[in-house]
Amino acid sequence: MKQNFRFPWSAVLAIAVGFVVTLGYFIPSSAPVVGGTLASLGDYFLQVGVVLAAVAMLVGLINLAAVHWTRFRTAGENRLGSGVVVITMIATFLLGTIDYFWGWLEDPNRSLTQYVFRHIQLPVERSLMALLVVILTYMAIRMFRRRMTVYQAVFLGVFMVVLLGTGLDIPYITDTVKPWLSNVWAVAGTRGLLLGIGLGTLASGLRVLSGVDRPYGG
Amino acid sequence: MVDKPREVRCPMCGRLNPAENDVCQYCEARLKPLTAPLGDAPSGANQPDEQDWLGDLRSKGDLSGGDEGEWEDDGEEPLDDQRDLLDWLASIDGEEAETPSPPAEQSDSEVEPAAAEAQEEVDLSAWLASLDEEQTTTPGQPEVELPDWLREYRSQEAAEPEAESAESLPDWLTGAEELPAEEEESEPDFLKDFAAEDGVEAGEVGSTATPADPEEYSGWMAEFPEAKLPSAELESEETSPEGDFELPAWLLDEEAEPEEPEQDTEIELPDWLAEFDEEGVGAGESVSPAEKPVGAEEPTVEYELPPWLLEEEPETDLAAESPKAELPDWMQAAPLEVDEVKGPPVEQFPEEQFEDLEPSQEELLLEESGEEKAGETTDDVGAVVDDEYFIPEEEAEPGDSQPGSLEETELPAPSQETAAWLSELASEVEGKPGESFLEEAPEAEALSSAFDLESFPDEELEGINLTEEPEWLAEVSQDAALQAEEQRRGFETEEGGEEDLPRAELPEWLAAMRPVDAIVTPPTPSRPSRVEIETSGPLAGLQDVLPAESQIFQISKPDARPSGLEISESQQKHIRMLEEMLNTEEQATPVSIPLPLPYPRLFRWFITLILFLAALYALWSGTSLADRPLPGLETQATYAAINRLPSGAPVLIAIDYEPGLSGEMDVIAQVLLDHLMIRGASLTFVSTTPTGPLQTENLLAEMLTRHNYQRAGQFIHLGYIPGGPAGLQTLVSFPLQLILPQTYSGYSAWDPRQTPLLGIETLNDYAAILVITDRHEAARGWIEQVGPTLVDTGLIFGSSAQVEPLIRPYYGGMVDGLVAGQAGGAAYERLTGVPGQAGRQWDVFSLLVMVSAVVIVLGGLVNLVLPDRSQSSSLGGE
Amino acid sequence: MNLPELIGTALGFLLTIVVFSYLLGDNPFFRLAIHLFIGVAAGYVAIVVIYNVLLPRLFLPLIFGSWGERGILLVPLILGLLLFFKISPRTAWLGRASMATLVGIGAAVAIGGAVIGTLFSQMEAAINAFNLGNGLIMLVGTLATLAYFQFGVRKNDQQDGVVQQLSTGISAAGKFFIAIAFGVLFAGVYTAALAAFTERITSLWAFLQNFLPF
């Protein structure tokens, strides 16, 4: 059966670029023959990647605007919200453009973007974070159950000890137990987690560099 | 259930399969029968079943080139020359079709299957052609071995031009009238061959010799549930059918009750041939074989039948129940009128073709060449196969598929030519050409020339019980019809799965032959047009060899494991384990989900109210519940690291936190910046988050109110570094001037007048790097990308409390200092002694901590007191 | 406080109340505030990306830079333009090369950082911190957590007695240390939220103090 074989250009590109950059980590620039070339080539690819990352962010913003614009034009439930998103996005961009060309970006008294940020973005985001304490409190209450396992009890106990030891000055808790828990036991656990994360990252990166995973669609 | 035209129903399991499939995808049963069922579209596959019995009559050793005919179950297909032989059969009907009679009107819509019928005509002719040993009278006839009595019929037919069409009648039909008397003494070759093969002596008619090998039976006889066929008929690689077969009674001699002898005619027909005549074929010239016992007054020709032909057929006595036993039941059709037959279009068979035929014969011809009658033919397999061939005329109901009717079998549909030759033969015998046998009872004379026993040599007739009704003929009855109908219903019910009718226990071979009512009749002959020649095996060189599998020899569903496989205990253990794993994979793990507290919204409002009141109280009263916490080791290290900085030391500050946690992070950032500014460090601000520059400017706006720091003199803001870890790696790899050429506001950052960047080329030129972040990814990025490259530059972190446990493992290695959370900021303020926001908020914070802890504990106790209302549910089940 | 600041502060106060109204239930005002925040944040990101990154690093050197600089920037320019085709599904295939480059670079950076920055440093730290006291606890906890969390060491009925006991012990120890680590993490998240709540209440109180006698 004849198969239509397409050369995986994208995969070749990703593997080649990734390979060069990876080697740049482990082969010093002072290494003979290839050290300098690899370092230069890897650095160049890093620069390209930085620019592409910025472009990718811009593409994401354009897509966000397009999606909300489409929602705004079509009748829907969140039509007004999408319209607000598009309008405020354009307005903020215009304000920033004004700030940039007028040199007001670094002037806190004149910067329009600073004004918008300080009085709209900051209050909303901080308030959203403040809401979290109520939800977390409710979650902590629900953790108390009759049929609680040992590990759930340990979790709750450590949580209470660290919370109280952080905010209050409780003898022996604040100066002994809480530091011991945080600096020894918790570090042991988080170190194991970090090692696992590192191994997982390594495996994922190798899968990409070997062409097994192709998230770019190649 | 409506059958979709694009799907066919498996006769075995009843499941729907795509129409293009040849084999059921579930049970591997053959969907498209190799032999065409009665009433189905004419197909070559049907014909082999019909022609098998004749093919078996041929000499086993005289097979030549696959000239058994397509109807042979051994998979052989007739040679092309055989088709020529039978063309005359087809041409007879074809000529007659031009002048349709009222009862045989043919609608235009029914002309279409003519092409398919033509193919079947050839196939049907093959069995007749195969009997022709000598192509003497009919040109183009294949060289097949025919018994003498058949040969003479053929010659007689050749002498009758009007009786011939493009294809010629077989000799035994054409030369029926001229069958010499002396031939009655000679054993038909087909019988001789059988005798020679099976070692049955001539004259052992009626013996109940056990067939050599029941599994070797093949051909049409295999369709009879109680027929036992001779061996060695199967020449293909097909497996022999399971179960034993018993010969129909008419092939037996002794046990069959002699019928009332009819008037002798010149030609004495064997029983099975005499039954063609409803009232006695060739009444004047032939004797109904059912009525004329072998060995009766008239000299009969005895044929040396093989044992398989001699076995009794005790269960069925179709002949006895047949009111008109002259014709064999398999030739009798249920409806007397042609137009009542649901088989082929009646118009294809003009009346003249049937004038000498028994209704059953006519039905055979009609049904075998007609279109498929869905739902009528396939479900009567359970009926006694004998019944399918021999049905009393009165049992036939118009429009119904009678059990045991020809349309329910898989006999090849007779072609028009076939019907024509029979009618012609009948007319020759009777001398009543042009008369429809429907209008007048076809007399035995019509076929007397063919079935005149006197014309048969004794040797040929030996062993054939021509005097008595075969049992299996006699037993055709309404009960059999009902039984078949019930079984058909049962078959359908089994498909629907709702009734409790017991399913008939069919032998496997018989069940495999069950006509499929859901098979869509292809408009074109199912027989492939091109001839395929077998290239390997014992059948090499033969044309149109049937494939290994056959509808008759149904391949059962294979076992789960090969019988010869040895499995050890440990392997079985592993198998069980794997099965359990696979079974548990489908089972959702029940998850115990605690039900929410009663009135959750009210509960949240209560929590919010409590916290609000506590905070307001703390703000209003200024109550201090706890002093500022003591700094930890990491906080002290940070303080010490900054304290060691000389005045004007360049410090890179990364503001990498989001506006959401700026309430906490601003506290930490301010205390650290306060300390740095107090130390007079030259600050460079960067950010790896898009909102970082805004955060930096907001922070600077606050700091500049307390410290007299000048932009571009003591601090500089270089803006955003995209790319995350990759961007940080560029900071390490490239000179900063290349990476950060401009300030946040767009001015050139590397102006010599920009003192904060004097002498700065790489990151290692900085005295310290302070990263203030609330995200673990940003912290890890700085640690992993920048940390290993730093030599003498300290890496200090100001982090949120939520990130501190994940940064702490790096402390002591690449992280030189850590100030975490509200408490860390307050503790650092305690170290610096500079009052700041951390101290102002600490009282509120500490009170809120205490209140929160109390609320959590009290609420938890209430939850403990309440009954356990958790519920188990499977993931994704709801 | 001047008028713009007053208006701005009032707007912030109002938005804070609107967001807190979510505790009463989802309402249109809350959704409006969220959409407002999203639009502002997206607009500002566009400003930073264009004026702080692309303009100084790509467009200006292409226009005013030397031919060498232009040649070097040709590749990111082409790849960046191809990336814009990702917006439309029909032309998304054109941006595959750009995405492949990004993914390759990202994977390489992640590998290098994980190996050098985390694996080596953490193993070294775990070794250096070993002592018969807390170091032993840290070492055992690190290994048990790694075995349970990363390598999935569990009790298995198919294992032999000694191995099964060892697996049971390791998994129990791993779960224990993970429970402690998560407890500390949860406490950190809670205190961070509490700090944000504190800041909000403080700012509200500060605003109200401008209008209230106390």
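pLDDT is the predictor's confidence in each residue, on a scale from 0 to 100. This is a predicted model, in which local features need pLDDT of at least 70 and side-chain atom pairs count only at pLDDT 80 or more, while totals for chains, interfaces and linings use all residues. Residues are numbered from 1 along each chain as its sequence is written, and chains are lettered from A and ligands numbered from 1 in the order in which they are written.

**Confidence**

The model scores ipTM 0.93 and pTM 0.59. Chain B averages a pLDDT of 65, with 40% of the residues at 70 or above. For chain C the mean pLDDT is 90, and 100% of its residues reach 70 or more. Helices (DSSP runs of H or I, at least four residues) and strands (runs of E, at least two) are numbered from the N terminus. Among the elements of chain B, strand E4 (residues 281–282) has the lowest mean pLDDT, 39, and E11(B) has the highest, 96.

Contact between two residues means that their C-beta atoms, placed from the backbone, lie within 7 Å. Residues 193–245 of chain B stay under pLDDT 50, and the model has 192 contacts beyond four places in sequence for them. The pLDDT is also below 50 over residues 253–267 of chain B, a stretch with 77 contacts in the model beyond near neighbours in sequence.

**Chain interfaces**

Residues are classed as nonpolar (Ala, Val, Leu, Ile, Met, Phe, Trp, Tyr, Cys and Pro), charged (Asp, Glu, Lys and Arg) or polar (the others, Gly among them). Chain A is in contact with chain B through 50 residues of chain A and 55 residues of chain B. Elements giving two or more residues to the chain B side include helix H19 (600–621), helix H21 (662–679) and helix H22 (692–703). H28(B) supplies the largest share of that side, twelve residues.

Between chains C and A, 94 residues of chain C are in contact with 98 residues of chain A. On the chain C side, two or more residues come from each of helix H1 (3–20), helix H2 (28–64), helix H3 (67–83), helix H4 (96–128), helix H5 (134–150) and helix H6 (161–209). The table gives the classes for the two sides that touch chain A.

| Side touching chain A | Nonpolar | Polar | Charged |
|---|---|---|---|
| Chain B | 28 residues | 20 residues | seven residues |
| Chain C | 66 residues | 21 residues | seven residues |

**Helix packing**

Axes are lines fitted to C-alpha atoms, for helices over the stretch in contact, and angles run from 0 to 180 degrees between N-to-C directions. Angles under 35 degrees count as roughly parallel, over 145 as roughly antiparallel, 65 to 115 as roughly perpendicular and the rest as oblique. A crossing is left-handed if the near helix is turned anticlockwise from the far one by less than a right angle, and right-handed if clockwise.

Within chain A, the axes of helix H2 (residues 35–73) and helix H3 (residues 79–102) come within 8 Å and cross at roughly 135°. H2(A) is therefore oblique to H3(A). The crossing of H2(A) with H3(A) is left-handed. Residues of H2(A) in this contact include A:Trp69 and A:Phe72, and those of H3(A) include A:Val85 and A:Met89. The contact has six nonpolar, three polar and two charged residues.

H2(A) also packs with H3(C), at an angle of about 25° and with the axes 9 Å apart. This makes H2(A) roughly parallel to H3(C). H2(A) passes H3(C) in a right-handed crossing. On the H2(A) side are A:Val48, A:Val51, A:Leu52, A:Val55, A:Ala56 and A:Val59, which meet C:Val75, C:Pro76, C:Leu79, C:Gly80 and C:Leu83 of H3(C). Ten of the residues in this contact are nonpolar, one is polar and none is charged.

Helix H4 (residues 112–142) of chain A packs with H22(B) at an angle of about 90°, their axes being 10 Å apart. H4(A) is thus roughly perpendicular to H22(B). A:Thr113, A:Gln114, A:Phe117 and A:Arg118 of H4(A) make the contact with B:Leu694, B:Glu697 and B:Asn698 of H22(B).

**The sheet in chain B**

Six strands of chain B form an open sheet with parallel pairing, in the order E10-E9-E8-E11-E12-E13; two strands pair if DSSP finds at least two bridges between them. Strand E10 (715–720) and strand E13 (817–820) stand at the edges with a single partner strand each, so one side of each has no neighbour in the sheet. Strands E8 (residues 650–656) and E11 (residues 768–773) of chain B run parallel and are joined by six bridges. B:Val651 is opposite B:Ala768 in E11(B). Helix H25 (residues 776–786) of chain B packs on the sheet and touches E8, E11 and strand E12 (794–799), its direction making about 155° with that of E11(B).
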